[in-house]
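Visitor: I work at the bench and would like a close look at the bound groups in this model. Please walk me through their surroundings, residue by residue where you can.

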Amino acid sequence: MSFKIVKYCMLYVSGLLTLILCVGITWGEMADSQKVLCADCHDKEDAEMAKSVHAAAGIDCRTCHGGEKIYSVERTDLESYRQAASEPENSSSNKIVTSFDHGETFQGKPLRKEIPERCGNCHSDVAKMNPYGLPTDQLAQYRLSGHGQSLFTKNNDRVAVCTDCHDTHAVLESKDPDSSVCPKNIPATCERCHSDPSIMDASNLSIRVVEEYIASVHGQGLLEEGDMGMPTCSTCHGSHSAIPPGYRDVGHVCGRCHQQEEQYFMESPHAKFPLFPRCVGCHTRSVDKRDHLISKVVASPEANKKTYLAVRRTLPDTTIDDSTFQEEFVIRREPPVQHYERYCRHCHDPSKQVGHRTWFAELDEKAMQEGKELYQLVRYAEIGYAAVATRVEEVGRGIILVQDEALMAEDLRTKLVGLGTMQHTLNLENLKKEIDEFVALADQIDQSLDKKLRHLWWRHWALIPIWAFLIIFTIALWIKYKRLKTKWVTPLPE
Ligand code: HEC
Ligand code: HEC
Ligand code: HEC
Ligand code: HEC
Ligand code: HEC
Ligand code: HEC
Ligand code: HEC
Ligand code: HEC
Ligand code: HEC
């Protein structure tokens with residue numbers, strides 16, 4: 001009986017001890033481990049995510065990466081995990097200590113090749129995008145783009161995937177001024193790869209496109225002056241489709257904005273030749289159809305007026321028909337204008353008559369001659385406008401009213417701007433007709449001013465007899481007064 005009691009007691013005590021031991025061990029375990037979230041180890045990604053549109057829409061790490069909501073980690077290991085998580089690339093050497101088991105449901109970091117489809121899971125889904133009013137064509141377009149085709153058909157993962165243009169975690173709304181796809185930030189977004197020879201050489205693409213664009217009239221307008229009407233990379237290339245369908249060279253997209261110039265260009269002899277690099281042939285220094293350095297040729301009529309005045313100050317005795325005056329004007333004009341022959345010489349160089357080009361000798365001569373004439377006509381009109389507009393202003397400063405002439409000068413200005421556009425036809429006959437009208441209008445303004453000045457002259461002379469009459473009349477009056485005074489006013493006796 002007592003043995004039984006002792007046996008039960010011992011069993012009871014050992015059970016109790018085991019229990020205490022178990023509880024103790026568990027307690028100890030729990031004291032050494034800690035509950036953590038993704039953000040506890042990946043604070044950089046968490047901070048980037050926090051400012052994104054995705055976070056605002058309730059998307060979290062696990063939506064894209066899977067994994068557990070909460071992990072339990074040894075306190076002592078946490079710091080090394082955190083360190084490894086912040087530099088995952090370098091952690092391979094001490095992987096055994098720092099590799100973290102994210103659990104069964106963890107999908108890891110997607111391969112670059114998988115990214116477009118991962119983003120497309122939501123962004124191609126009309127039901128998911130409708131509440132936010134976002135289109136769902138990005139993935140479909142991306143597949144057709146140079147980037148997408150190279151990725152999917154050639155397995156080239158150096159191309160841009162969604163995260164290269166939109167950032168991985170700090171995805172912002174595209175109209176946010178800090179967004180990497182806001183128009184003024186786009187050149188920098190493309191530059192990361194498109195100016196890097198180590199990426200571009202393999203594809204044999206120019207590494208100068210971004211540099212050229214930034215120096216171009218459009219790049220300067222957008223980046224320096226903040227003119228949002230200027231095209232940026234994605235205006236011409238599309239946001240998701242890297243080549244505009246149907247366009248094979250830069251010069252084919254210009255007409256979307258410069259309709260009049262394109263229309264006139266289509267009338268020119270060059271439009272017949274499919275290999276002609278179109279706009280780029282004259283608006284860049286090279287004839288390379290990939291050249292993105294589109295430069296400005298025209299100076300504003302107002303700038304021309306300033307130049308005209310400056311030249312007149314140095315060459316006071318000259319007229320606009322004077323060749324010295326014209327030369328000086330062209331040199332000082334801003335931007336300085338190249339003789340059109342220089343553009344034409346890119347292709348029509350009579351001195352380069354080698355091989356088959358000998359056949360073109362005559363054509364080249366003709367082209368150069370026409371270029372020269374066109375150039376002179378447009379320059380003549382530029383100076384002509386400046387001279388007339390300046391005169392209207394100067395005359396208007398006196399007592400003469402010049403409203404009519406000012407209106408006519410405004411018409412002249414429109415004609416001048418039209419000439420710069422119209423010369424794209426390379427049709428000398430039409431341009432000469434236009435110039436004739438231009439000169440006629442300029443003459444009309446001049447004559448009208450002359451007439452008003454002559455009127456003023458007559459008015460000046462007409463005053464002389466009036467003044468003479470007034471003076472004689474005053475003298476006569478004075479003599480009369482003197483006489484009357486002596487006759488009637490007798491002095492008082494002393
Ligand atoms: C205890 C710290 C810790 C927590 C919590 C944690 N991670 Fe990690 N994570 C790491 C470490 C360390 C690495 C790098 C080494 C490795 O791959 O194991 C890493 C790597 C990653 C990678 C890159 C994997 C790759 O293939 O390169 C992703 C993605 C990631 N974690 C996402 C998450 C997500 C999502 C969560 C939350 C659901 C999370 N992590 C929670 C420590 C952690
Ligand atoms: C919209 C989907 C999405 C969400 C949400 C997201 N990630 Fe990622 N994450 C990605 C993609 C895609 C990559 C691969 C990027 C790449 O390779 O360019 C990635 C890469 C990573 C990497 C590896 C970074 C590296 O340099 O290799 C870590 C770590 C990571 N994510 C952690 C997180 C954490 C933590 C969160 C939550 C705060 C999170 N991610 C939320 C899509 C997402
Ligand atoms: C789980 C679904 C989901 C996934 C996966 C996802 N997105 Fe989104 N994304 C959204 C939602 C929802 C919005 C709208 C948020 C809002 O407007 O508030 C959004 C908005 C955006 C926007 C802003 C659009 C704008 O201009 O308003 C961009 C850019 C974007 N996502 C890119 C990506 C990229 C890149 C990936 C892949 C790394 C990705 N998304 C993955 C759901 C997702
Ligand atoms: C080569 C750079 C580039 C790549 C790659 C790219 N995008 Fe975009 N994305 C842009 C630009 C630029 C815009 C902003 C202009 C616009 O609204 O069209 C934009 C806009 C968006 C928008 C907002 C659309 C809208 O109309 O408001 C979403 C959503 C988006 N991208 C998702 C994606 C997804 C998903 C992918 C991958 C399949 C992707 N992008 C790949 C450059 C890119
Ligand atoms: C992550 C690097 C990367 C970024 C960022 C990038 N690209 Fe590209 N892009 C490439 C690579 C690589 C190729 C060459 C693909 C090939 O070999 O066919 C390419 C090709 C192109 C092409 C030529 C397509 C063709 O074959 O006709 C155009 C145009 C282009 N990119 C425009 C852009 C624009 C515009 C942007 C910015 C909005 C941009 N890219 C951003 C890597 C990038
Ligand atoms: C005014 C319109 C326009 C603008 C602005 C523009 N491009 Fe282009 N670009 C084109 C056209 C058109 C092509 C010719 C497409 C072809 O031949 O495949 C081209 C060609 C390219 C090519 C292929 C070059 C090669 O070597 O074959 C790349 C890369 C490129 N552009 C990138 C850019 C980038 C990056 C920007 C912004 C910095 C930009 N483009 C701005 C119209 C433009
Ligand atoms: C998205 C519209 C757009 C596209 C596409 C575009 N441009 Fe422009 N361009 C402008 C705007 C806006 C201006 C500045 C306003 C102006 O002077 O007409 C400008 C100015 C110019 C100028 C300077 C004119 C001046 O008076 O200073 C030239 C030259 C020019 N563009 C040529 C081109 C060529 C060549 C192309 C094709 C490669 C092209 N543009 C494509 C919008 C565009
Ligand atoms: C044969 C050479 C040549 C070609 C081809 C050419 N241009 Fe021009 N372009 C010029 C010259 C020269 C001027 C300057 C006229 C002047 O002296 O004022 C000019 C002026 C311009 C201007 C500014 C003047 C204005 O009136 O707005 C724009 C914009 C322009 N061109 C766009 C284009 C576009 C777009 C194309 C293609 C459709 C094109 N050009 C093709 C030679 C050319
Ligand atoms: C990018 C090269 C290039 C530039 C720049 C260029 N041309 Fe041409 N031009 C051609 C080609 C090609 C032809 C067609 C030659 C043929 O008949 O096969 C041509 C033909 C002509 C013709 C003859 C058309 C005919 O059939 O009678 C004239 C005139 C002409 N160009 C004028 C000019 C003028 C003026 C300029 C400068 C403002 C100029 N071109 C600049 C390439 C160019």
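Guide: Let's begin with a term: a polar contact to a ligand is a pair of N or O atoms within 3.5 Å. Please keep in mind that this model is predicted.

With that in hand, start at ligand 5. A polar side-chain atom of histidine 147 sits 2.8 Å from one of the nitrogen atoms of ligand 5, which is a polar contact because 2.8 Å falls within the 3.5 Å limit. The side chain of histidine 194 also takes part, with an N or O atom 2.7 Å from a nitrogen atom of ligand 5. Serine 150 reaches an oxygen atom of the ligand instead, and its polar side-chain atom is 3.4 Å away. In total, 22 residues surround ligand 5, and the nearest are His147, Cys190, Cys193, His194 and Ser203. Which helices build this shell? At least two residues each come from α11 (146–154), α13 (186–194), α14 (197–200) and α17 (233–237). Of these, α13 contributes the most, with five residues. Sorted by class, the shell of ligand 5 holds 11 nonpolar, eight polar and three charged residues.

Helix α17 leads us on to ligand 6. The iron atom of ligand 6 is held by the NE2 atoms of His237 and His292, at 2.0 Å. Its site has six donor atoms with angles of 87 to 178 degrees among them, and is octahedral. Histidine 237 belongs to helix α17 and histidine 292 to the loop between α19 and α20 (301–314), so the pair ties together parts of the chain 55 residues apart in sequence. As for solvent, histidine 237 is partly exposed, with a relative accessible area of 33%.

Next comes ligand 8. Which residues donate to its iron atom? The protein donors are the NE2 atoms of His283 and His424, lying 1.9 Å from the iron. This pair links distant parts of the chain: histidine 283 is in helix α19 (279–283), while histidine 424 is in the loop between α24 (403–422) and α25 (428–488), 141 residues apart. Why is the arrangement called octahedral? The six donor atoms around the iron atom of ligand 8 subtend angles of 86 to 180 degrees, which makes the arrangement octahedral. Histidine 283 is partly exposed, at 26% relative accessible area.

Around ligand 8 as a whole there are 20 residues, and the closest are Cys279, Cys282, His283, Tyr340 and His424. Two side chains approach oxygen atoms of this ligand: arginine 379 has a polar atom 2.7 Å from one, and threonine 421 has a polar atom 2.7 Å from one. Glutamine 423 points a polar side-chain atom at a nitrogen atom of ligand 8, at a distance of 3.4 Å. Helices that each give at least two residues to this shell are α18 (259–267), α19, α23 (361–396) and α24. By class, the shell of ligand 8 is made of 10 nonpolar, six polar and four charged residues.

The last stop is ligand 9. Here the iron atom is coordinated by the NE2 atoms of His270 and His348, at 1.8 to 1.9 Å. Once again the two histidines bring together distant parts of the chain, 78 residues apart: histidine 270 lies in the loop between α18 and α19, and histidine 348 in the loop between α22 (340–345) and α23. The six donor atoms around this iron subtend angles of 86 to 179 degrees, so the arrangement is octahedral. Are these two histidines buried or exposed? Histidine 270 has 18% relative accessibility and counts as buried because that is under 20%. Histidine 348, at 14%, counts as buried too.

To draw the picture together, a pair of histidines meets the iron in ligand 6, in ligand 8 and in ligand 9. Helix α17 supplies histidine 237 to the iron of ligand 6 and at least two residues to the shell of ligand 5. Helix α19 carries histidine 283 for ligand 8, and a loop ending at α19 holds histidine 270 for ligand 9.

How values were computed:
Residues numbered from 1 in each chain as written. Chains lettered and ligands numbered in written order. Predicted model: local features only at pLDDT ≥ 70, side-chain atom pairs only at ≥ 80, totals over all residues. Heavy atoms only, no water. Donors = N, O, S within 2.8 Å, 3.2 Å for Na, K, Ca; no water. Tetrahedral: all angles 85-135°; square planar, octahedral: opposite > 155°, others 65-115°. Helix = DSSP H or I, 4+ residues; strand = E, 2+ residues; numbered from the N terminus. Buried < 20%, exposed > 50% of the residue type's maximum accessible area, 1.4 Å probe, protein only. Near = heavy atom within 4 Å. Polar contact = N/O pair within 3.5 Å; in protein donor to acceptor, adjacent residues only side chain to side chain. Nonpolar A, V, L, I, M, F, W, Y, C, P; charged D, E, K, R; others polar.
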